[in-house]
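Work through the three exercises below with the model open. Try each task before reading its solution.

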Amino acid sequence: MKEFAPLIGSFWYLLRGAGMTVLMAASAALPATILGIFLALLQVFGGRPVKSAILGYLFLIRGIPLLVLLTFVYYLLPLTGIDLPPFWGVVLVISLYYAAFISEVFRAGILSLPQAQWDAARSLGMNRGLMLQIVVLPQACGAAPPHVSLYVSLVKATSLVSIVGLWELTMASREIVERTLAPFQIFIGAAAIYFCICYTLALYGRHLERRVLLGH
């Protein structure tokens with residue numbers, strides 16, 4: 001256990017970094033989900049110009065690594081006069097990035113609804129807004145548990161923000177390594193914390209999938 005003394009002595013500092021990681025991921029996941037659902041609806045129900053614009057956005061975002069987007073936006077925004085706090089600037093970039101992927105999951109969920117569902121809603125005299133609220137979105141969201149795997153990816157992606165100097169679990173690990181010169185032990189601890197966070201999310205995703213398969 002002697003060789004793991006640096007990890008034991010710095011474990012609470014790592015947990016503080018993990019708390020910032022969870023806060024950052026949660027802050028980005030909510031707007032990413034809302035924007036992703038909105039983009040999915042526009043892809044299905046929007047006109048051709050709207051669909052073309054969204055497809056352009058999706059191809060652009062998915063074709064550029066998140067690290068490049070973080071660095072570019074982090075240094076570009078101040079030049080345009082937009083002075084966001086570093087935390088919210090990073091949350092903005094991560095949200096916009098993952099919304100592009102989440103939108104595809106929900107678009108697939110919407111398109112997977114049987115035609116009979118659409119016909120039944122129309123036969124009841126529902127307008128499009130009511131149809132979305134009562135029929136489409138509840139079933140599309142229930143049919144799209146794979147989006148949870150994107151949240152797992154989002155949590156792991158927060159480790160990239162240390163490149164632009166934002167403090168979280170990875171940055172905390174690097175600071176401890178600089179003091180203790182024990183990279184192996186410290187990053188084992190960081191990896192274990194990341195694993196616990198992501199595994200918890202993965203278990204929740206499995207739970208959602210079982211509920212969908214059982215029809216509950």
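The exercises cover a helix pair, a nonpolar core and one tyrosine in this predicted model.

**Exercise 1.** Determine how helix 2 and helix 3 are oriented to each other, and which residues make their contact.

*Solution.* Start with the geometry. Helix 2 (residues 11-45) packs against helix 3 (residues 48-62) at an angle of about 135 degrees. Their axes are 8 Å apart. Angles over 145 degrees would count as roughly antiparallel, and 65 to 115 as roughly perpendicular. Helix 2 and helix 3 are therefore oblique. Their crossing is left-handed. Next, list the contact. Helix 2 contributes Leu35, Leu39, Leu42, Gln43 and Val44. Helix 3 contributes Val50, Lys51, Ile54, Leu55, Tyr57 and Leu58. Finally, sort by type: nine residues are nonpolar, one is polar and one is charged.

**Exercise 2.** Find the residues that touch the most other members of the largest nonpolar core, and the helix that supplies its largest share.

*Solution.* The core holds 50 residues. Val90, Ile94 and Tyr98 touch the most other members. Several helices supply at least two residues each, among them helix 4 (66-79), helix 8 (147-157) and helix 9 (169-180). The largest share, twelve residues, comes from helix 5. Now take Val90. Beyond its neighbours within four places in sequence, Val90 contacts Met24, Leu70, Val161, Val164 and Leu166.

**Exercise 3.** Place Tyr204 in its helix and classify its exposure.

*Solution.* Tyr204 lies in helix 10. Its relative accessibility is 45%. Buried requires under 20%, exposed over 50%. Tyr204 therefore counts as partly exposed. Last, check a distant partner in sequence: Val148 is 56 residues away along the chain, yet the two C-alpha atoms are separated by 7.9 Å.

Methods:
Residues are numbered from 1 along each chain as its sequence is written. This is a predicted model: local features need pLDDT of at least 70, side-chain atom pairs count only at pLDDT 80 or more; totals for chains, interfaces and linings use all residues. Side-chain values use heavy atoms; hydrogens and water are left out. Axes are lines fitted to C-alpha atoms, for helices over the stretch in contact, and angles run from 0 to 180 degrees between N-to-C directions. Helices (H or I, at least four residues) and strands (E, at least two) are DSSP runs, numbered from the N terminus. Angles under 35 degrees count as roughly parallel, over 145 as roughly antiparallel, 65 to 115 as roughly perpendicular and the rest as oblique. A crossing is left-handed if the near helix is turned anticlockwise from the far one by less than a right angle, and right-handed if clockwise. Contact means heavy atoms within 4.5 Å. Ala, Val, Leu, Ile, Met, Phe, Trp, Tyr, Cys and Pro count as nonpolar, Asp, Glu, Lys and Arg as charged, and the others, Gly among them, as polar. A nonpolar core is a set of buried Ala, Val, Leu, Ile, Met, Phe, Trp, Tyr and Cys residues joined through side-chain atoms within 4.5 Å. Buried means under 20% relative accessible area, exposed over 50%, partly exposed in between (1.4 Å probe, protein chains only).
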